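Reader: I have a few questions about this structure. Please reason each one through before naming the result.

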Amino acid sequence: MFSPIVAGGVGAITWTAKTLIEHSHRLIQIDEKLDANKELLIEMVNSHERRISRLEDRVFGEN
């Protein structure tokens, strides 16, 4: 016997599960982008630190 209430509940659960999976995939993509940006920022900071160190060596006459 078909029950609209049960069918509606199953449809809602299916929609919720599908939505959660889509959001989960999107969060994974965002996390991957954040990791890539974090690595880029670390590289930039390290590069600037090396540059500052070289400038300090020139200014203060160190090798």
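Reader: Which residues form a nonpolar patch on the surface, and what accessible area do they have together?
Author: This is a predicted model. L27, a residue of helix α1, has a relative accessibility of 57% and therefore counts as exposed, the cut-off being over 50%. L27 is one of the residues in a nonpolar surface patch. The patch consists of L27, I30 and L34, and their accessible area together is about 290 Å².

Reader: What is the secondary structure of the protein chain?
Author: The chain has 63 residues, and residues 4-60 belong to helix α1. Strands number zero. The secondary structure thus comes to one helix.

Reader: What percentage of the residues in the protein chain is buried?
Author: The accessible surface of the chain comes to about 6,000 Å². Carbon and sulfur atoms hold 64% of that surface. Of the 63 residues, the buried ones make up 2%.

Reader: Is T19 buried or exposed?
Author: T19 lies in helix α1. Its relative accessible area is 17%, and buried means under 20%, so T19 is classed as buried.

Reader: Which backbone oxygen does the side chain of T19 reach?
Author: T19 is a residue of helix α1, and its side chain makes a polar contact at 2.8 Å, within the 3.5 Å cut-off. The partner is the backbone oxygen of W15.

Reader: How many salt bridges does the structure hold, and which residues form a salt bridge?
Author: Side chains of opposite charge can pair when their charged atoms come close. The closest N and O atoms of K18 and E22 are 3.9 Å apart, and the cut-off is 4 Å. Both residues lie in helix α1, four residues apart, which is about one turn of the helix. The structure holds one salt bridge, formed by K18 and E22.

Reader: Why is K18 classed as exposed and E22 as partly exposed?
Author: Exposed means over 50% relative accessible area, and partly exposed lies between 20% and that value. K18 is exposed because its relative accessible area is 52%. E22 counts as partly exposed because its value is 45%.

Reader: Which residues gather in a patch of negative charge on the surface?
Author: D31 is in helix α1 and is partly exposed, with a relative accessible area of 42%. Patch residues need over 30%, and D31 is one of those in the negative patch. The residues gathered there are D31, E32, D35, E39 and E43.

Reader: Which residues form the positive surface patch?
Author: R54, in helix α1, has a relative accessible area of 46% and is partly exposed. R54 is among the residues of the positive patch. The patch is formed by R50, R51, R54 and R58.

How values were computed: Residues are numbered from 1 along each chain as its sequence is written. This is a predicted model: local features need pLDDT of at least 70, side-chain atom pairs count only at pLDDT 80 or more; totals for chains, interfaces and linings use all residues. Side-chain values use heavy atoms; hydrogens and water are left out. Helices (H or I, at least four residues) and strands (E, at least two) are DSSP runs, numbered from the N terminus. Buried means under 20% relative accessible area, exposed over 50%, partly exposed in between (1.4 Å probe, protein chains only). Accessible areas come from the Shrake-Rupley method with a 1.4 Å probe; for residues, only the protein chains shown count as cover. Patches are made of residues with over 30% relative accessible area and no salt bridge: like charges are joined within 9 Å, nonpolar side chains (Val, Leu, Ile, Met, Phe, Trp, Tyr) within 5 Å. A salt bridge is a side-chain nitrogen of Lys or Arg within 4 Å of a carboxyl oxygen of Asp or Glu. Lys and Arg count as positive and Asp and Glu as negative; His and the chain ends are not counted. The place of a charge is taken as NZ of Lys, CZ of Arg, CG of Asp or CD of Glu. A polar contact is a pair of N or O atoms within 3.5 Å; within protein, one must be able to donate a hydrogen and the other to accept it, and residues adjacent in sequence count only if both atoms are side-chain atoms.
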